[in-house]
Amino acid sequence: GSAATVIERNTSFSTLNSDDVSYFKELLGEKSVVEDEDVLLTANTDWMRKYKGSSKLLLQPKTTHEVSQILKYCNSRCLPVVPQGGNTGLVGGSVPVFDEVIINMGSMNNIISLDKVSGILVCEAGCILENLISFLDNHGFIMPLDLGAKGSCQIGGNVSTNAGGLRLVRYGSLHGTVLGLEAVLANGDVIDMLGTLRKDNTGYDLKHLFIGSEGSLGIVTKVSILTPPKLSSVNLAFLACVDYFSCQKLLVEAKMRLGDILSAFEFLDNQSMDLVLNHLEGARNPLSSSMHNFYVLIETTGSDESYDKEKLEAFLLSSMEGGLISDGVLAQDINQASSFWRIREGVPEALMKAGAVYKYDLSIPVEKMYDLVDEMRIRMGQTAKVIAYGHLGDGNLHLNISAPQYDDKILAQIEPYVYEWTSEHKGSISAEHGLGLMKANKIFYSKSPETVQVMGSIKKLLDPNGILNPYKVLPQSLSSYH
Ligand code: AKG
């Protein structure tokens with residue numbers, strides 16, 4: 001059993017026939033119309049192997065025009081579609097639920113331009129994040145976002161899900177760094193909002209509707225993004241704290257004392273560390289003792305090697321003296337730094353190897369965050385492990401419940417409790433992963449009925465037949481119309 005709620009196929013959708021397939025072959029060429037069973041099996045299944053659709057067709061458009069023609073056709077035929085990037089999402093948003101046509105964006109992977117004065121990059125949606133990072137590195141820039149899935153995830157998917165990641169604490173969310181985008185609406189209209197300006201207050205800033213709407217309002221085909229300069233001095237500390245309160249105080253101090261050079265503040269608890277050490281090959285605890293309760297990674301990025309290092313070392317020394325940190329080590333080179341990151345970024349992979357996992361991605365006021373973890377440990381008892389880590393600097397907790405296998409009894413112990421608790425503490429039930437299929441019907445825990453109603457109206461305006469990524473994001477009554 002999976003955590004998916006039971007939903008029904010929208011009866012107003014038609015089903016794919018051989019004329020449809022012929023039309024797409026004519027439009028895209030045989031090679032870009034995929035019916036191969038192995039390819040479809042992969043594309044129908046999400047990264048966690050928890051959500052599984054039954055699509056019979058995957059399309060690989062190479063241009064915006066092709067995306068436009070595909071959607072125009074599907075809209076007129078009432079054929080539902082699911083846009084798919086790297087398929088690394090964690091909420092079942094990037095795979096079909098039933099037989100939706102998969103629109104794979106991977107062939108639109110051209111970099112269009114980089115303005116080396118302003119650092120503004122324009123590229124197609126299917127560019128893999130890591131490729132953009134390498135490209136920019138050669139030109140003295142970095143991407144304003146970085147996440148564990150960088151080797152597979154695509155910028156179009158990042159933008160469509162408003163992915164957060166490890167650098168948000170420094171560079172802000174994609175609502176700030178994405179300067180423009182091009183999107184194709186359900187009816188095939190191409191909306192050119194691909195501006196490359198920092199400032200543009202001419203009317204409604206519609207690009208924001210496509211950032212974080214998970215492909216439910218249109219398909220993002222091109223992106224313009226502000227990239228920060230690559231600074232010469234990066235330092236990474238791996239630290240231990242005795243309790244959660246110390247992690248919290250350390251965050252306040254780090255923001256105040258490191259100020260402009262702070263570029264990441266991440267945490268994991270000892271259960272997360274144990275999991276990584278047990279399941280990831282070659283992983284080892286950078287600190288000699290493994291008896292610590294919490295681990296914190298602090299990264300600084302600045303332009304003056306000796307000044308930055310002095311600043312960080314002085315901060316660490318006083319935090320040590322003040323008892324906020326009980327142990328710590330500074331990465332001596334880039335390899336050591338990546339081995340530290342591997343521990344933090346490797347938790348999701350270790351969780352997958354450990355068995356079944358129930359994932360919650362919550363925004364909770366920092367001071368309350370770990371109360372939920374303690375409460376969940378009591379609730380779950382011996383039946384499952386509670387693993388907590390995440391972006392402490394952003395108030396974002398990744399709460400994961402790990403069990404040998406999926407079990408509805410375990411699920412009933414977790415939900416709706418986790419959602420109710422989060423809602424009561426004025427948190428968000430999706431900090432950065434989106435709602436997808438997993439949480440489409442849970443939106444009311446974080447949004448008022450009036451707000452959701454407006455979302456429904458926008459959905460209906462832009463996608464009147466509900467063909468774009470159906471069953472996701474909004475409750476089914478608002479996202480697909482029977
Ligand atoms: C992260 O590691 O920061 C993620 O977003 C993944 C969280 C998860 O696996 O729950």
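This note goes through the ligand site and the nonpolar cores of the structure above.

1. The model is predicted, so local features are taken only at pLDDT of at least 70 and side-chain atom pairs only at pLDDT 80 or more, while totals for chains, interfaces and linings use all residues. Residues are numbered from 1 along each chain as its sequence is written, and side-chain values use heavy atoms, with hydrogens and water left out.

2. Around the ligand stand Leu 90, Arg 344, Pro 348, Lys 359, Tyr 389, His 391, His 398, Asn 400, Glu 432 and His 433, each with a heavy atom within 4 Å of the ligand. Strands β15 (385-391) and β16 (396-403) each supply at least two residues of this shell, strands being DSSP runs (E) of at least two residues and helices DSSP runs (H or I) of at least four, numbered from the N terminus.

3. Among the polar contacts (pairs of N or O atoms within 3.5 Å), a polar side-chain atom of Tyr 389 lies 2.8 Å from a ligand oxygen atom, and for Asn 400 the distance is 3.1 Å.

4. The largest nonpolar core, a set of buried Ala, Val, Leu, Ile, Met, Phe, Trp, Tyr and Cys residues joined through side-chain atoms within 4.5 Å, has 89 residues; buried means under 20% relative accessible area, with a 1.4 Å probe and protein chains only. Leu 250, Ile 298, Tyr 360, Leu 399 and Ile 401 touch the most other members, and helix α14 (residues 366-380) gives the most to this core, with seven residues.

5. Apart from this core lies another, of 28 residues, including Leu 132 and Phe 141.

How values were computed
Buried < 20%, exposed > 50% of the residue type's maximum accessible area, 1.4 Å probe, protein only. Polar contact = N/O pair within 3.5 Å; in protein donor to acceptor, adjacent residues only side chain to side chain.
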